[in-house]
Structures are given as structure tokens and as C-alpha cells.
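Student: Can we go through the aromatic contacts in this one? I'd like to start with a single residue and work outwards.

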Amino acid sequence: MANQSKFKKSLVFLYLILFPFGQLFSVSLTFLSLPFSLHFIDLIPLTSLVLFFLEKVKTPHVFKYLTSFLVVLSFSLILSTFTFGPNIWLGFFYFLRLISYVAFFVMVWGLAKRSNEMKYKFFDGLILVSFFVAIFGWIQYLFFPDLTALYIWGWDDHL
């Protein structure tokens, strides 16, 4: 149990470390001749989804609303098969990503609920990540405000 909790804490802090880098750690792939990007940061919530199903997890009160939302989304995904046929794989991957982030939220909530020390460490980590995102944003704004040159590599062409 202690090793599993340590592994979960490591996942959360690894996510906080990778978050400011955004799309820098991504790979463009093709599945069923449909292009999509795999962000390595999404592998962390996917791991938490596996952990969610492997163990008995206590969920927060808001989880029932999130579950209802996911049920509606799954119904929409099923209905879209009649419109788009088998080409709904990209939508399925987004759905899987959303489910993974819900499981990641439940994992972080469980860790923070168990220990006030972890709650404060997570809070401090979020403050630190916010600081670095702001610093990177200002550096990008001051030194490279025009990102249209990166459009050919899959980045947004905003100015």
C-alpha cells in the first residue's frame, strides 16, 4: 500500500513537472489512416485509469456528476457511429482521454484527502507550475511572439 501510494505521488509530481512544457513532448501518429497527436503527459492519467480499475477507490461527492457526464458522452459517441461510421476513433480517443483525466482527478483527490501534508505539497506544486507557465509565456511573448512558423509542425498559427 505504501509503495502504491508513493507511486501515485510520483505520478502527480511528474505530471506537474511535465505540464508547463505542453505540446513539446508529443508524437504525431496515424491510426486507421487518421492522424492524431499522442502527448506523453496523457500517459500519466492513463496510468491512473488503470490504477482506478485495479483497486477499490473512494470517490468524491462530485464523482457522480462526472460519471453522469461521461455516460451522456458515451451515448453521444455511440450515436455518432450512425453518422460517421467507423471513423469515430478520434472521438473515442478523446473520450478515453477525458475518462483518464477523471480517474487522475480521483487519484489526486484521494491522496490529498488522506494527508494534509500532501494537500499542501500539491498546492505548492500547482503554484510553482503556474509560476513557470507564466514565465515561459512571457519569454515566448517577448522573444518569439509570432508562432506561425511552427504551424507546419502542428502548432496553432496564432500571433
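**Aromatic pairs**

Tutor: Start with Y15: this is a predicted model, and in it Y15 has 13% relative accessibility, so the residue counts as buried.

Student: How many aromatic pairs are there in total?

Tutor: The count comes to ten aromatic pairs. One of them is Y15 with Y101, an edge-to-face pair with 6.1 Å centre to centre and 70° between the planes.

Student: Where do those two sit along the chain?

Tutor: Y15 is in helix 1, residues 2-18, and Y101 is in helix 4, residues 89-114. The two are 86 residues apart, and their pair links distant parts of the chain.

Student: And Y101, is that buried or partly exposed?

Tutor: Y101 is partly exposed, at a relative accessible area of 25%.

Student: What about Y15 and F104, why is that pair called tilted?

Tutor: The ring centres of Y15 and F104 are 4.9 Å apart and the planes meet at 45°. That angle is neither under 30 degrees, which would be stacked, nor over 60, which would be edge-to-face, so the pair is tilted. This pair also links distant parts of the chain, with Y15 in helix 1 and F104 in helix 4, 89 residues apart.

Student: Different topic: is F104 buried or exposed?

Tutor: F104 counts as buried, because its relative accessibility is 9%, under the 20% cut-off.

Student: Which residues end up in the cluster?

Tutor: Y15, F19, Y101 and F104 are linked into a cluster by ring pairs.

How values were computed. Residues are numbered from 1 along each chain as its sequence is written. This is a predicted model: local features need pLDDT of at least 70, side-chain atom pairs count only at pLDDT 80 or more; totals for chains, interfaces and linings use all residues. Side-chain values use heavy atoms; hydrogens and water are left out. Rings of Phe, Tyr and Trp (its six-membered ring) pair if their centres lie within 6.5 Å; planes under 30 degrees apart count as stacked, over 60 as edge-to-face and the rest as tilted. Helices (H or I, at least four residues) and strands (E, at least two) are DSSP runs, numbered from the N terminus. Buried means under 20% relative accessible area, exposed over 50%, partly exposed in between (1.4 Å probe, protein chains only).
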